[in-house]
Each structure stands twice: as structure tokens, then as C-alpha cells.
Amino acid sequence: MKQARTLTAQDLRQAMGQAALSRHAQRDKAMLLLTHLSGMRVGEVAALRVTDVLDAEGKVRAEIRLQAHQTKGSAGRTVFVNERLQKELGLYARALQTHTADSPFFMTQKRTGFSANSLTQHFAGLYKRAGLEGATSHSGRRTFITNLAAQGVSVRVLAALAGHRSIQTTQRYIDVNDNMLRNAVELV
């Protein structure tokens, strides 16, 4: 099976621009950035509840603690949320209408939570409208891991961030490109 396309910074801007045009722009941008800036799987994004993302005062958490039932492989994990992502999630949270702590954080137009499949389809449509052929719901996760690898982050750290038990799994996510190769030879 062909791997999801790894996106460039320009590709991500294109996707974000497309998300900004949607009827639910703040939601779509927040969901997209969760995959690109934290490496979350689409099923994990779909499984988020308000209390996972917001504390009792309504502030975005710096760490999202996923329970085993929210992840692949039935093992809980912690997702670290950088400042840019905290800001984007905060913008979306302010736009939320009525919600309880256990409500889905991301709602469909029908005011229900996304399933992993419906969110996968939603991302496919967004990437298609942005003209990003080969991009899938897994592109953000793959881009996240590849970008960190290009900056010299250890594969063990990458595996922990991705929630992988095996570094071999993580290594399959890393897309090697010409810039990475150029930078590598400049180290000699």
C-alpha cells in the first residue's frame, strides 16, 4: 500500500487556506493542525472529548492524555501540545457553543462526534479541494514525524511521540528527501 504524502510547509499552508474557506473553518483548521503539530492519528482526533483538551477553567491543556480506548493498540499515551497548537485549539474552543466535559470536542454538522471513518473522508475532501494529490488523513502524522526526524530528533523520541511500541514502525514514517540528504552531507 502506498504511503500517505508527506506535506511541505507550502502544502500545509494550502490545506489551511482551504480549511479557512469551509463553513466550519476554525474546527477544520484545529483538526488539521492536531495531526500536523502533534502527530495524532485521525481516530484519536475523532475520539477527543472536551475534557481531554480543556481544563476546568476552559484553558487548553499542554498535554492531552489519551485513554487506551481512544488510541490504536489499546495503550494510553500523552500527546504534547505546542504553543501554536494551543492557540489554534483555544480559538476553536471559544467558538464552541454549548458543551459538557464529556461531549465530543469536534462535532459534525449534525452535532454528533466524528467517527474515525467520517473524519478520514472529511480530510480526503479537504486535501482534494486544496489540490494536494496523494495527501490523506495520515499525511499530517507522517509529516510530523518526518519534520522532527529532519531536525535530528532521535527515533526513540519520535516513537514515544507517535505512540509506537517499535522504532521500526516509526522509521517507516520518515520520508527521506533531497534537503535531508543535502543537510546530512554538510555535516561531514
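The protein chain carries 26 positive and 14 negative side chains. The centres of these two sets lie 5 Å apart. The model is predicted. Its accessible surface comes to about 10,500 Å², and carbon and sulfur atoms account for 51% of that area.

**Fold and dimensions**

- Ten helices and two strands make up the secondary structure of the protein chain.
- Their order along the sequence is α-α-α-α-β-β-α-α-α-α-α-α.
- The C-alpha trace spans about 55 × 35 × 30 Å along its principal axes.
- The radius of gyration is 16 Å, which agrees with the value near 16 Å for a compact globule of 188 residues.

**Burial and contacts**

- Of the 188 residues, 45% are buried.
- Among contacts with a separation of 6 or more, 62% join residues 24 or more positions apart.

**The loop between H5 and H6**

- Helix H5 covers residues 83-95, and helix H6 covers residues 116-129.
- Arginine 111 sits in the loop between them.
- Its relative accessibility is 48%, so arginine 111 counts as partly exposed; the cut-off for exposed is over 50%.
- The phi angle of arginine 111 is near 65 degrees, a positive value in a residue that is not glycine.
- Most residues other than glycine have a negative phi.
- Phenylalanine 114 also belongs to the loop between H5 and H6.
- Phenylalanine 114 counts as buried because its relative accessibility is 10%, and buried means under 20%.
- Proline 104 is ten residues away from phenylalanine 114 along the chain, with 8.1 Å between their C-alpha atoms.

**Contacts of phenylalanine 114**

- Neighbours within four places in sequence are set aside here.
- Phenylalanine 114 then touches Arg27, Met31 and Ala46.
- Its list of contacts also includes Phe106, Met107 and Thr108.
- Leu119 and His122 are in contact with phenylalanine 114 too.

**Histidine 122 in helix H6**

- Histidine 122 is placed in helix H6.
- Which side chain makes a polar contact with the side chain of histidine 122? That of aspartate 28 does, at 2.9 Å.
- Beyond its neighbours within four places in sequence, histidine 122 is in contact with Arg27, Asp28, Met31 and Phe114.
- Arg27 and Met31 appear in the contacts of both histidine 122 and phenylalanine 114.
- Histidine 122 and phenylalanine 114 are themselves in contact, which links helix H6 with the loop between H5 and H6.

Notes:
Residues are numbered from 1 along each chain as its sequence is written. This is a predicted model: local features need pLDDT of at least 70, side-chain atom pairs count only at pLDDT 80 or more; totals for chains, interfaces and linings use all residues. Side-chain values use heavy atoms; hydrogens and water are left out. Helices (H or I, at least four residues) and strands (E, at least two) are DSSP runs, numbered from the N terminus. The radius of gyration is taken over C-alpha atoms; the globule rule is 2.2 Å times the number of residues to the power 0.38. Buried means under 20% relative accessible area, exposed over 50%, partly exposed in between (1.4 Å probe, protein chains only). Contact means heavy atoms within 4.5 Å. Accessible areas come from the Shrake-Rupley method with a 1.4 Å probe; for residues, only the protein chains shown count as cover. Lys and Arg count as positive and Asp and Glu as negative; His and the chain ends are not counted. The place of a charge is taken as NZ of Lys, CZ of Arg, CG of Asp or CD of Glu. A polar contact is a pair of N or O atoms within 3.5 Å; within protein, one must be able to donate a hydrogen and the other to accept it, and residues adjacent in sequence count only if both atoms are side-chain atoms.
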